[in-house]
Amino acid sequence: MLAMLSGVALSLLIGFSLPDKGMAATSAYAQTIEGLDLDQVQFVISAPQEFTSRLSQHARSLFTKAGLPLPDPEGHDRPFIATLTLTLAPQSLGEGCTGHLLYDPSLTLTEPVRIPRNSVIMDDVTWLAHTGAQVRKSVTIADLERDLEEFINQFIADYRAANAGSRSPIPGTAPAATDPDTSHPDSAPTAPEALHSDSTLKGLRIDQLQISVSAGRFSHTLTTRALHQFNNAGLALPPGQHHNGQFTLGVELIQQSLEDRCPGKVLYESGLYLVEHIQLTRNPRVSIWSDTWLRETTLVVAPRSQEQLESDQDALLRQFINSLKTH
């Protein structure tokens, strides 16, 4: 059995999935990298140690070829304002699925964002490319390089599309206009909160919260159970689907059959996500939907029964309710 906490906010509502062949010219995330100064972006790669240097050089070569080189951390004399993380790290499933790997490749841009309802500044994912979690017998260096190229090329396409006008920081074009009412990101009054910390719940009003449960045929039953759990905690959620909810608390308990690879097992992704509007501190004109609080886990296990799903949901909601009451 494998338990893996994901550091990527996968329920950004403007997200996209990669097609089977190639990638779209631009993604729905293109707007978020308008005005981004790549000279202040730190590049990080997570991959098998024996391939890290080769993959890093390959990724950087694609940026250089596009005329958009990333800075070398060595000798960089300015603080980084964002981190671009390429994750190509297959993990052994061990006894949970002998001879197979869990592979969840992604490219994410993480930077400070502002939560409008409480002005908390936190680090969050503002651009994302990923294929979703996969269970495979093997992942070759060719597989890693193919995903690397698709992700990096997508980022470059989005960057060029977002910065093609007069605001573009692309070399040879006019610099971005400065908003006099916006403080420079390097001079933010406080350091960003840790990714998805409990402090992001400060000021959340329960009457503005709606719950959404995705658990296959158990979704309706688990929704009713969730509402009862909030009621019992003295935090009654608004009834029905039509109300003025400004924030969504999403529960995901998704099971994907692995019968053809790991008989008697499923890929089980469970998570709880508070979804709301955030603003980029670097570019406050951009507002997107994202997770401001989340807990998520990926497991390879025997199929979960209704009772087990109820227990898993109860535990997730208990964490949220306890954190909410203390903030």
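Q: At what angle do the axes of H1 and H2 cross, and are the two helices roughly parallel or roughly antiparallel?
A: Let's begin with this pair of helices in the predicted model. Their axes come within 10 Å and cross at roughly 30°. Angles under 35 degrees count as roughly parallel, so H1 and H2 are roughly parallel to each other.

Q: Which class of residue, nonpolar, polar or charged, has 11 members in the contact of H1 with H2?
A: H1 brings residues including Phe-51, Leu-55 and Leu-62 to this contact, while H2 brings others, among them Leu-144, Leu-148 and Phe-155. Charged residues take part too, one of them being Arg-54 of H1. The split is 3 charged, 2 polar and 11 nonpolar.

Q: Which helix gives the most to the largest nonpolar core?
A: This core has 37 residues, and Leu-36, Leu-84, Leu-88 and Phe-155 touch the most other members. Several elements each supply at least two residues, including strands E2, E3, E6 and E7 and helices H1 and H2. With 9 residues, the one that gives the most is H2.

Q: How many residues does the other core, the one with Leu-201 and Leu-237, have?
A: This core lies apart from the one with 37 residues. Among its members are Leu-201, Ile-211, Val-213 and Leu-237. Its size is 30 residues.

Q: What is the handedness of the crossing where H3 passes H4?
A: Helix H3 covers residues 219-232 and helix H4 covers residues 306-325. They pack at an angle of about 35°, with their axes 10 Å apart. The crossing of H3 past H4 is right-handed.

Q: How many charged residues are in the contact of H3 with H4?
A: On the H3 side you can find Arg-225, and on the H4 side Glu-310, Asp-314 and Arg-318. Each of these belongs to the charged class, since Asp, Glu, Lys and Arg count as charged. Next to 7 nonpolar and 4 polar residues, the number of charged ones is 4.

Q: Is Tyr-273 buried or exposed?
A: Look for Tyr-273 in strand E11, which spans residues 266-280. Its relative accessible area is 6%. Buried means under 20%, so Tyr-273 is buried.

Q: How far apart in space are Tyr-273 and Phe-320?
A: Phe-320 is one of the H4 residues that meet H3. In sequence, Tyr-273 and Phe-320 are 47 residues apart. In space, C-alpha to C-alpha, the distance is 9.5 Å.

Q: What share of the residues of the protein chain count as buried?
A: The chain has 4 helices and 12 strands. It holds 327 residues, and the share that count as buried is 47%.

Notes. Residues numbered from 1 in each chain as written. Predicted model: local features only at pLDDT ≥ 70, side-chain atom pairs only at ≥ 80, totals over all residues. Heavy atoms only, no water. Core = buried A, V, L, I, M, F, W, Y, C linked by side-chain atoms within 4.5 Å. Buried < 20%, exposed > 50% of the residue type's maximum accessible area, 1.4 Å probe, protein only. Axes fitted to C-alpha atoms, helices over the stretch in contact; angles between N-to-C directions. Parallel < 35°, antiparallel > 145°, perpendicular 65-115°, else oblique. Contact = heavy atoms within 4.5 Å. Left-handed = near helix turned anticlockwise from the far one by under 90°.
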